[in-house]
Amino acid sequence: MHRHIYGFIVMILAAALLVACGSADKGPAETALKAAEAAVNTAKAEVSKYMPDQASALDAGLAAARDKFNKGDFKAALSDAQSVTAKANALASAVAAKKGE
């Protein structure tokens, strides 16, 4: 479980680094979207067991980010993808805490 959390942190840092570089174009949005997809895919199995409604929200958020990316709104896609990644990380931590109870 700790490996997943460290993986999430690395993905967030990578996305933040791209944002900090000042470029808000297709490349950073695509990278953030891939990180969000990885975070959702990693967290989804456990989140579905303990918080199924939240798993649906993750899917909806990821779909919205993809849609904005496909429409060329890269800044909004970047923002949404980062939000989805953060939410997936928070839910993964919450599930880990529930499992520990």
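The turns below ask how the terms used for this predicted model are justified.

User: What kind of model is this, and how are the residues numbered?

Analyst: This is a predicted model, in which local features need pLDDT of at least 70 and side-chain atom pairs count only at pLDDT 80 or more, while totals for chains, interfaces and linings use all residues. Residues are numbered from 1 along each chain as its sequence is written, and side-chain values use heavy atoms, with hydrogens and water left out.

User: How many helices and strands are there in the protein?

Analyst: The protein has four helices and zero strands, and from the N terminus on its elements run α-α-α-α. Helices here are DSSP runs of H or I with at least four residues, strands are runs of E with at least two, and both are numbered from the N terminus.

User: Why is Val84 called buried or exposed?

Analyst: Buried means under 20% relative accessible area, exposed means over 50%, and partly exposed is in between, with a 1.4 Å probe and protein chains only. Val84 has a relative accessible area of 7%, so Val84 is buried. Val84 is found in helix H4, and, not counting residues up to four places away in sequence, Val84 touches Ala36, Val40, Leu58, Gly61 and Leu62, where contact means heavy atoms within 4.5 Å. The C-alpha atoms of Val84 and Ala36 are separated by 5.9 Å, although these residues are 48 residues apart along the chain.

User: What makes Ala96 buried, partly exposed or exposed?

Analyst: Ala96 has a relative accessible area of 28%, and therefore Ala96 is partly exposed. Ala96 lies in helix H4, and its C-alpha atom is separated by 10.0 Å from that of Tyr50, which is 46 residues apart from it along the chain. For the protein as a whole, buried residues make up 29% of the 101 residues.

User: Why are H3 and H4 described as roughly parallel or antiparallel?

Analyst: Two packed helices are described by the angle between their axes and the distance between the axes. Axes are lines fitted to C-alpha atoms, for helices over the stretch in contact, and angles run from 0 to 180 degrees between N-to-C directions. Angles under 35 degrees count as roughly parallel, over 145 as roughly antiparallel, 65 to 115 as roughly perpendicular and the rest as oblique. H3 and H4 pack at an angle of about 160°, with their axes 8 Å apart, and that makes H3 roughly antiparallel to H4. By class, their contact has 13 nonpolar, two polar and three charged residues; Ala, Val, Leu, Ile, Met, Phe, Trp, Tyr, Cys and Pro count as nonpolar, Asp, Glu, Lys and Arg as charged, and the others, Gly among them, as polar.

User: How do you know whether H2 and H3 are roughly parallel or antiparallel?

Analyst: The angle between H2 and H3 is about 165°, with their axes 9 Å apart, and H2 and H3 are therefore roughly antiparallel to each other. Among the residues that make this contact are Leu33, Val40 and Val47 of H2 and Leu58 and Leu62 of H3, and the contact divides into twelve nonpolar, two polar and six charged residues.

User: What makes a set of residues a nonpolar core, and which members touch the most others in the largest one?

Analyst: A nonpolar core is a set of buried Ala, Val, Leu, Ile, Met, Phe, Trp, Tyr and Cys residues joined through side-chain atoms within 4.5 Å. The largest one has 22 residues, of which Leu33, Val40, Val47, Leu62, Ala81 and Ala88 touch the most other members. Two or more residues of this core come from each of helix H2 (26-50), helix H3 (52-70) and helix H4 (74-100).
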